Amino acid sequence: ATDSGFLVFSAVLSADGNTLSGTAAQGDIQAKFDFKRQSGPPAATAKPTTTLGEKALERARLAVTQLRQGKFDQIVKDIHPSIAPSVTPETLAGSWTAVLNQLGPYKSELSSGVNTVGGILVVTLGAQMERGSVNVLTTFNSELKITGLQFVPRTPPPAATAPPKPR
């Protein structure tokens with residue numbers, strides 16, 4: 001055992017690969033374990049679960065695709081009623097046109113991220129445009145209705161500094 005405060009595992013896999021046996025120790029406490037492989041359906045038949053964040057990311061990407069295709073009426077169908085009066089196909093078209101006029105056509109996705117803030121899912125998609133980049137922020141409620149869609153200038157990464165020159 002060790003008193004570094006860390007939990008330390010020591011284990012050996014059986015020759016047939018079905019049992020992992022060993023000890024776990026932390027400080028003066030030590031416990032033995034034997035983990036045996038459970039029989040069940042093959043992993044290939046197990047269905048992966050999709051989290052709400054993954055679904056929100058997928059929906060945000062769909063919204064960017066619909067923006068690029070000029071399908072503003074499709075995006076409006078996913079808007080939460082609380083913001084529906086201010087988000088119309090015409091206002092979306094105007095906002096997207098302003099981005100295109102400033103930065104040029106969409107080229108590719110640079111990055112993606114999903115955060116939860118106060119029960120709201122915030123999806124950030126970094127978009128590379130012809131003459132620059134922009135973050136497309138899409139917010140969703142728990143029913144995956146769009147509660148916000150905005151275009152935010154992307155902060156450039158900090159400039160790399162050259163290593164000091166030897167003297």
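Which residues is Asn141 in contact with, leaving aside its neighbours within four places in sequence? They are His80, Leu121 and Thr147. Contact here means heavy atoms within 4.5 Å.

This is a predicted model, in which local features need pLDDT of at least 70, side-chain atom pairs count only at pLDDT 80 or more, and totals for chains, interfaces and linings use all residues. Residues are numbered from 1 along each chain as its sequence is written, and side-chain values use heavy atoms, with hydrogens and water left out.

## Overall layout

The protein holds three helices and seven strands. Helices (H or I, at least four residues) and strands (E, at least two) are DSSP runs, numbered from the N terminus. From that end, the elements run β-β-β-α-α-α-β-β-β-β. The protein has 167 residues, and 28% of them count as buried. Buried means under 20% relative accessible area, exposed means over 50%, and partly exposed lies in between (1.4 Å probe, protein chains only). Take the contacts between residues at least 6 apart in sequence: 35% of them join residues at least 24 apart.

## The hairpin of β6 and β7

Asn141 sits in the loop between β6 (132-140) and β7 (146-153). A polar atom of the Asn141 side chain lies 3.0 Å from the backbone nitrogen of Glu143. A polar contact is a pair of N or O atoms within 3.5 Å; within protein, one must be able to donate a hydrogen and the other to accept it, and residues adjacent in sequence count only if both atoms are side-chain atoms.

The two strands run antiparallel, and seven bridges join them. Strands pair if DSSP finds at least two bridges between them. Across the pair, Val134 stands opposite Pro153 in β7. Five residues lie between the strands of this hairpin.

Leu144 is in the loop between β6 and β7 too. Leu144 has a positive phi of about 65°, although it is not a glycine. Most residues other than glycine have a negative phi.

## Four residues compared

The table gives the place and relative accessibility of four residues.

| Residue | Place | Relative accessibility | Class |
|---|---|---|---|
| Asn141 | loop between β6 and β7 | 11% | buried |
| Leu144 | loop between β6 and β7 | 8% | buried |
| Gln66 | helix α1 | 10% | buried |
| Thr124 | strand β5 | 21% | partly exposed |

Thr124 touches Ser111, Ser112, Gly113, Asn135, Val136 and Leu137, leaving aside neighbours within four places in sequence. Thr124 and Thr139 are 15 residues apart along the chain, and their C-alpha atoms are separated by 8.7 Å.

## Helix α1

Helix α1 covers residues 52-68. What span should its 17 residues have at 1.5 Å a residue? The answer is 24 Å, and the end C-alpha atoms are 24 Å apart, which agrees. The expected span is 1.5 Å times one less than the number of residues.

The buried residues of α1 are Gly53, Ala56, Leu57, Ala60, Ala63, Val64, Gln66 and Leu67. They pack against α2 (72-76), α3 (89-103), β4 (106-117), β5 (120-129), β6 and β7. Gln66 itself touches Lys71, Gln74 and Ile75, not counting residues up to four places away in sequence. Just after the helix, Gly70 takes a positive phi of about 75°.

## The core and its aromatic pair

The largest nonpolar core has 26 residues. Such a core is a set of buried Ala, Val, Leu, Ile, Met, Phe, Trp, Tyr and Cys residues joined through side-chain atoms within 4.5 Å. Trp96, Val99, Val123, Met129, Val134, Phe140 and Phe151 touch the most other members. The elements that give two or more residues to this core are α1, α2, α3, β5, β6 and β7.

The structure holds one aromatic pair. Trp96 and Phe151 have ring centres 5.6 Å apart and planes at 45°, so the pair is tilted. The pair links distant parts of the chain, with Trp96 in helix α3 and Phe151 in strand β7, 55 residues apart. Rings of Phe, Tyr and Trp (its six-membered ring) pair if their centres lie within 6.5 Å; planes under 30 degrees apart count as stacked, over 60 as edge-to-face and the rest as tilted.

Both Trp96 and Phe151 are buried. Leaving aside neighbours within four places in sequence, Trp96 is in contact with Leu67, Arg68, Phe72, Met129 and Phe151.
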